[in-house]
Amino acid sequence: MSTAFGHLRYGPSAWQRIDLYGPAEPEDGTAPVAEPSQAAPVVLVHGGFWRHDRTAQDLEPLAFALTERGHRVAVLEYRPSWDGGAWPGAAEDCQAALRLLGQKDGTWDGAVLVGHSAGAHLLLAALQGQAGGARVVLLAPVTDLAEAARLGVGEGAVDVFLAEHLAAGGAHQEATPVLAPADASSVTVVSAREDQAVPEELTRHQLGRWAEDGLRLTTVSVPGARHMHLVNPQRPACRTVLELIGGGAATARKEDR
(Lines give C-alpha, C1' and ligand atoms only; values in the text may rest on other atoms or scores of the structure.)
Protein backbone atom coordinates (compact mmCIF):
# COMPACT_ATOMS: atom_id res chain seq x y z
CA MET A 1 0.00 0.00 0.00
CA SER A 2 1.34 3.44 -0.85
CA THR A 3 1.48 5.92 1.98
CA ALA A 4 1.37 9.66 2.32
CA PHE A 5 1.66 11.95 5.26
CA GLY A 6 -0.15 15.14 6.21
CA HIS A 7 -0.43 17.26 9.31
CA LEU A 8 -3.09 18.56 11.66
CA ARG A 9 -2.51 21.55 13.93
CA TYR A 10 -4.07 21.64 17.38
CA GLY A 11 -2.37 24.75 18.80
CA PRO A 12 -0.29 27.83 17.92
CA SER A 13 3.13 26.33 18.64
CA ALA A 14 5.04 24.70 15.79
CA TRP A 15 5.34 21.67 18.05
CA GLN A 16 1.57 21.28 18.38
CA ARG A 17 0.89 19.08 15.39
CA ILE A 18 -0.21 15.58 14.44
CA ASP A 19 1.62 13.71 11.68
CA LEU A 20 -0.74 11.52 9.64
CA TYR A 21 0.11 8.40 7.62
CA GLY A 22 -2.18 6.35 5.42
CA PRO A 23 -3.30 5.67 1.84
CA ALA A 24 -1.95 8.19 -0.66
CA GLU A 25 -4.45 10.59 -2.23
CA PRO A 26 -4.84 10.32 -6.04
CA GLU A 27 -3.38 13.21 -8.04
CA ASP A 28 -6.83 14.15 -9.42
CA GLY A 29 -8.10 14.85 -5.90
CA THR A 30 -10.73 12.12 -5.88
CA ALA A 31 -11.17 9.91 -2.84
CA PRO A 32 -8.53 7.18 -2.55
CA VAL A 33 -9.58 3.73 -3.68
CA ALA A 34 -8.40 1.15 -1.18
CA GLU A 35 -9.39 -2.31 -0.16
CA PRO A 36 -11.43 -2.34 3.04
CA SER A 37 -9.21 -2.97 6.05
CA GLN A 38 -10.14 -4.40 9.42
CA ALA A 39 -6.96 -2.94 10.93
CA ALA A 40 -7.68 -0.45 13.67
CA PRO A 41 -6.23 3.05 13.38
CA VAL A 42 -3.22 3.69 15.60
CA VAL A 43 -2.11 6.77 17.55
CA LEU A 44 1.57 6.93 18.58
CA VAL A 45 3.13 9.14 21.28
CA HIS A 46 6.93 9.32 21.26
CA GLY A 47 9.27 9.45 24.23
CA GLY A 48 12.46 11.39 24.79
CA PHE A 49 12.09 12.15 28.51
CA TRP A 50 9.88 15.20 27.82
CA ARG A 51 12.93 17.12 26.56
CA HIS A 52 12.76 15.67 23.02
CA ASP A 53 15.76 13.41 22.95
CA ARG A 54 13.34 11.89 20.43
CA THR A 55 10.68 13.55 18.27
CA ALA A 56 7.63 12.46 16.31
CA GLN A 57 9.79 11.93 13.22
CA ASP A 58 11.70 9.18 15.03
CA LEU A 59 8.48 7.11 14.90
CA GLU A 60 8.06 7.52 11.14
CA PRO A 61 9.58 4.09 10.36
CA LEU A 62 7.14 2.48 12.80
CA ALA A 63 4.28 4.46 11.26
CA PHE A 64 5.22 3.20 7.79
CA ALA A 65 5.46 -0.38 9.07
CA LEU A 66 1.95 -0.06 10.50
CA THR A 67 0.51 1.37 7.27
CA GLU A 68 1.95 -1.61 5.42
CA ARG A 69 -0.23 -3.74 7.70
CA GLY A 70 -3.32 -1.71 6.81
CA HIS A 71 -3.42 0.77 9.70
CA ARG A 72 -3.95 4.49 9.47
CA VAL A 73 -1.48 6.15 11.84
CA ALA A 74 -1.33 9.44 13.72
CA VAL A 75 1.88 10.44 15.50
CA LEU A 76 1.42 13.15 18.13
CA GLU A 77 4.02 15.86 18.51
CA TYR A 78 3.98 18.02 21.63
CA ARG A 79 5.97 20.82 23.21
CA PRO A 80 9.21 19.78 24.95
CA SER A 81 9.78 20.74 28.57
CA TRP A 82 12.13 23.54 27.50
CA ASP A 83 9.59 25.13 25.15
CA GLY A 84 6.26 25.24 26.97
CA GLY A 85 5.84 21.52 27.59
CA ALA A 86 6.83 21.42 31.27
CA TRP A 87 4.15 19.78 33.39
CA PRO A 88 1.28 19.95 32.67
CA GLY A 89 1.87 21.50 29.24
CA ALA A 90 2.85 18.43 27.21
CA ALA A 91 0.08 16.34 28.79
CA GLU A 92 -2.46 19.02 27.89
CA ASP A 93 -1.05 18.97 24.34
CA CYS A 94 -1.67 15.24 24.05
CA GLN A 95 -5.18 15.60 25.40
CA ALA A 96 -5.91 18.38 22.88
CA ALA A 97 -4.50 16.29 20.03
CA LEU A 98 -6.61 13.26 20.97
CA ARG A 99 -9.67 15.50 21.26
CA LEU A 100 -9.08 16.86 17.76
CA LEU A 101 -8.75 13.37 16.31
CA GLY A 102 -11.96 12.38 18.07
CA GLN A 103 -13.81 15.28 16.48
CA LYS A 104 -12.93 14.23 12.93
CA ASP A 105 -14.97 12.10 10.56
CA GLY A 106 -14.81 8.84 12.49
CA THR A 107 -11.46 7.83 10.95
CA TRP A 108 -9.89 7.54 14.40
CA ASP A 109 -12.76 5.88 16.24
CA GLY A 110 -11.54 2.80 18.10
CA ALA A 111 -7.87 3.70 17.64
CA VAL A 112 -5.20 1.73 19.47
CA LEU A 113 -3.29 4.24 21.61
CA VAL A 114 0.45 3.56 21.90
CA GLY A 115 2.94 5.39 24.11
CA HIS A 116 6.69 4.78 24.19
CA SER A 117 8.83 5.60 27.25
CA ALA A 118 7.89 9.05 28.61
CA GLY A 119 5.27 9.22 25.86
CA ALA A 120 3.39 6.57 27.83
CA HIS A 121 3.19 9.01 30.75
CA LEU A 122 1.70 11.73 28.54
CA LEU A 123 -0.74 9.29 26.96
CA LEU A 124 -2.03 8.08 30.33
CA ALA A 125 -2.23 11.65 31.64
CA ALA A 126 -4.39 12.55 28.62
CA LEU A 127 -6.65 9.50 29.15
CA GLN A 128 -7.05 9.84 32.92
CA GLY A 129 -10.66 10.43 33.91
CA GLN A 130 -11.98 10.39 30.34
CA ALA A 131 -13.74 6.99 30.62
CA GLY A 132 -12.97 6.41 26.95
CA GLY A 133 -12.38 2.67 27.21
CA ALA A 134 -9.45 2.77 24.79
CA ARG A 135 -7.15 -0.13 23.96
CA VAL A 136 -3.74 1.01 25.21
CA VAL A 137 -0.26 -0.35 24.45
CA LEU A 138 2.63 0.95 26.57
CA LEU A 139 6.19 0.35 25.33
CA ALA A 140 8.93 0.56 27.98
CA PRO A 141 6.75 3.03 29.91
CA VAL A 142 7.93 5.70 32.34
CA THR A 143 4.76 6.80 34.12
CA ASP A 144 5.23 6.74 37.90
CA LEU A 145 7.19 9.95 38.28
CA ALA A 146 7.97 9.61 41.98
CA GLU A 147 9.57 6.20 41.47
CA ALA A 148 11.26 7.28 38.23
CA ALA A 149 12.79 10.29 39.99
CA ARG A 150 13.94 8.12 42.90
CA LEU A 151 15.68 5.79 40.45
CA GLY A 152 17.25 8.66 38.51
CA VAL A 153 15.63 7.68 35.23
CA GLY A 154 16.64 9.91 32.35
CA GLU A 155 19.51 11.48 34.29
CA GLY A 156 17.23 13.82 36.23
CA ALA A 157 14.72 14.37 33.43
CA VAL A 158 11.73 13.93 35.74
CA ASP A 159 12.67 16.81 38.01
CA VAL A 160 13.45 19.05 35.02
CA PHE A 161 10.01 18.27 33.58
CA LEU A 162 8.38 19.00 36.94
CA ALA A 163 10.63 21.91 37.99
CA GLU A 164 7.94 24.61 38.09
CA HIS A 165 5.40 22.24 39.63
CA LEU A 166 7.80 21.20 42.39
CA ALA A 167 8.94 24.79 43.02
CA ALA A 168 5.29 25.75 43.57
CA GLY A 169 4.96 23.08 46.26
CA GLY A 170 3.61 20.30 44.06
CA ALA A 171 4.52 16.64 44.39
CA HIS A 172 5.67 13.99 41.95
CA GLN A 173 2.57 11.93 42.73
CA GLU A 174 0.29 14.72 41.49
CA ALA A 175 1.85 14.41 38.04
CA THR A 176 1.57 10.61 37.99
CA PRO A 177 -1.56 9.56 36.06
CA VAL A 178 -3.94 7.11 37.70
CA LEU A 179 -6.24 5.30 35.28
CA ALA A 180 -9.58 3.84 36.25
CA PRO A 181 -10.81 0.66 34.53
CA ALA A 182 -13.28 2.79 32.54
CA ASP A 183 -10.41 4.80 31.04
CA ALA A 184 -8.91 1.80 29.23
CA SER A 185 -10.58 -1.40 28.09
CA SER A 186 -7.17 -3.10 28.16
CA VAL A 187 -3.56 -2.15 28.83
CA THR A 188 -0.71 -4.10 27.24
CA VAL A 189 2.74 -3.37 28.69
CA VAL A 190 5.77 -4.34 26.61
CA SER A 191 9.19 -4.28 28.26
CA ALA A 192 12.62 -4.71 26.68
CA ARG A 193 14.59 -7.18 28.74
CA GLU A 194 17.92 -5.44 28.01
CA ASP A 195 16.49 -1.93 28.40
CA GLN A 196 19.30 0.49 29.22
CA ALA A 197 16.96 3.48 29.82
CA VAL A 198 14.10 2.07 31.92
CA PRO A 199 15.14 -0.12 34.85
CA GLU A 200 13.27 -3.34 35.52
CA GLU A 201 12.57 -2.10 39.05
CA LEU A 202 10.48 0.75 37.67
CA THR A 203 8.56 -1.57 35.36
CA ARG A 204 7.73 -3.95 38.23
CA HIS A 205 6.63 -1.06 40.44
CA GLN A 206 4.32 0.36 37.78
CA LEU A 207 2.79 -3.02 36.98
CA GLY A 208 2.02 -3.51 40.65
CA ARG A 209 0.31 -0.15 40.87
CA TRP A 210 -1.81 -0.77 37.78
CA ALA A 211 -2.86 -4.18 39.05
CA GLU A 212 -3.95 -2.56 42.32
CA ASP A 213 -5.97 -0.02 40.32
CA GLY A 214 -7.90 -2.86 38.72
CA LEU A 215 -6.72 -2.37 35.15
CA ARG A 216 -6.98 -5.27 32.75
CA LEU A 217 -3.29 -5.93 32.12
CA THR A 218 -1.30 -8.01 29.68
CA THR A 219 2.49 -7.96 30.06
CA VAL A 220 5.01 -8.96 27.41
CA SER A 221 8.76 -9.15 27.98
CA VAL A 222 10.93 -9.17 24.84
CA PRO A 223 14.26 -10.99 25.32
CA GLY A 224 17.41 -9.41 23.93
CA ALA A 225 15.69 -6.08 23.26
CA ARG A 226 16.94 -2.62 24.17
CA HIS A 227 14.90 0.51 24.70
CA MET A 228 14.61 1.80 21.12
CA HIS A 229 14.37 -1.68 19.59
CA LEU A 230 10.66 -1.73 20.44
CA VAL A 231 9.94 1.07 17.95
CA ASN A 232 12.50 0.19 15.28
CA PRO A 233 11.01 -2.05 12.57
CA GLN A 234 14.49 -3.21 11.59
CA ARG A 235 14.79 -4.97 14.95
CA PRO A 236 13.13 -8.33 15.70
CA ALA A 237 11.62 -6.92 18.90
CA CYS A 238 9.45 -4.56 16.89
CA ARG A 239 7.71 -7.49 15.20
CA THR A 240 6.28 -8.36 18.60
CA VAL A 241 5.05 -4.79 18.98
CA LEU A 242 3.45 -4.79 15.53
CA GLU A 243 1.64 -8.04 16.30
CA LEU A 244 0.35 -6.69 19.60
CA ILE A 245 -0.87 -3.44 18.09
CA GLY A 246 -2.67 -5.44 15.43
CA GLY A 247 -4.38 -7.55 18.07
CA GLY A 248 -2.46 -10.73 17.34
CA ALA A 249 -0.63 -13.03 19.66
CA ALA A 250 2.90 -11.97 20.58
CA THR A 251 5.79 -14.36 20.27
CA ALA A 252 7.53 -13.11 23.43
CA ARG A 253 6.66 -14.16 26.95
CA LYS A 254 3.11 -13.02 27.69
CA GLU A 255 1.12 -12.93 30.91
CA ASP A 256 -2.45 -11.86 31.67
CA ARG A 257 -3.16 -10.23 35.02
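1. Is Cys-94 buried or exposed? In this predicted model, Cys-94 is buried, and its relative accessible area is 1%. Cys-238 also counts as buried, with a relative accessibility of 0%.

2. On the matter of disulfides, the search covered the whole structure and returned zero. The general point is that such a link is a covalent bond joining the sulfur atoms of two cysteines. The assignment rests on a cut-off, because a pair of cysteine sulfur atoms must lie within 2.5 Å to be counted as a disulfide. No pair in the model is reported as a disulfide.

3. The secondary structure of the protein consists of eight helices and nine strands. Two of the strands, β3 (42–45) and β5 (112–116), are taken up again below in connection with a cavity lining.

4. As to burial and surface, the protein has 257 residues, of which 52% are buried. The exposed area of the protein comes to about 11,700 Å². Carbon and sulfur atoms supply 47% of that area.

5. The contacts may be considered by sequence separation. Among contacts in the protein with a separation of 6 or more, 73% are between residues 24 or more positions apart.

6. Internal voids deserve separate comment. In general terms, empty space left among the atoms is revealed by rolling over them a probe the size of a water molecule. For this model, the whole-structure search yields two cavities of 30 Å³ or more.

7. The largest cavity has a volume of about 70 Å³. Its lining is formed by Thr-143, Asp-144, Thr-176, Pro-177, Val-178, His-205, Gln-206, Arg-209, Trp-210 and Asp-213. Sorted by class, the lining of the largest cavity contains three nonpolar, four polar and three charged residues. The charged class takes in Asp-144, Arg-209 and Asp-213, because Asp and Arg are counted as charged.

8. The second largest cavity has a volume of about 40 Å³. Leu-44, Val-45, Leu-59, Leu-62, Val-114, Gly-115, His-116, Leu-139 and Val-231 make up its lining. Strands β3 and β5 each contribute at least two residues to the lining of the second largest cavity, and β5 provides the largest share, namely three residues.

9. What is the class composition of the lining of the second largest cavity? Seven of its residues are nonpolar and two are polar, with no charged residue present. The two polar residues are Gly-115 and His-116, because Gly is placed in the polar class and His is not listed as nonpolar or charged. By contrast, the lining of the largest cavity includes three charged residues.

Notes. Residues numbered from 1 in each chain as written. Predicted model: local features only at pLDDT ≥ 70, side-chain atom pairs only at ≥ 80, totals over all residues. Heavy atoms only, no water. Buried < 20%, exposed > 50% of the residue type's maximum accessible area, 1.4 Å probe, protein only. Helix = DSSP H or I, 4+ residues; strand = E, 2+ residues; numbered from the N terminus. Contact = heavy atoms within 4.5 Å. Areas by Shrake-Rupley, 256 points an atom, 1.4 Å probe, with all protein chains shown as cover. 1 Å grid on protein atoms, 1.4 Å probe; cavity = no way out; pocket = protein on both sides within 12 Å on 5 of 7 lines; lining within 4 Å. Points joined across faces, edges and corners; volume = space filled by probe spheres on them.
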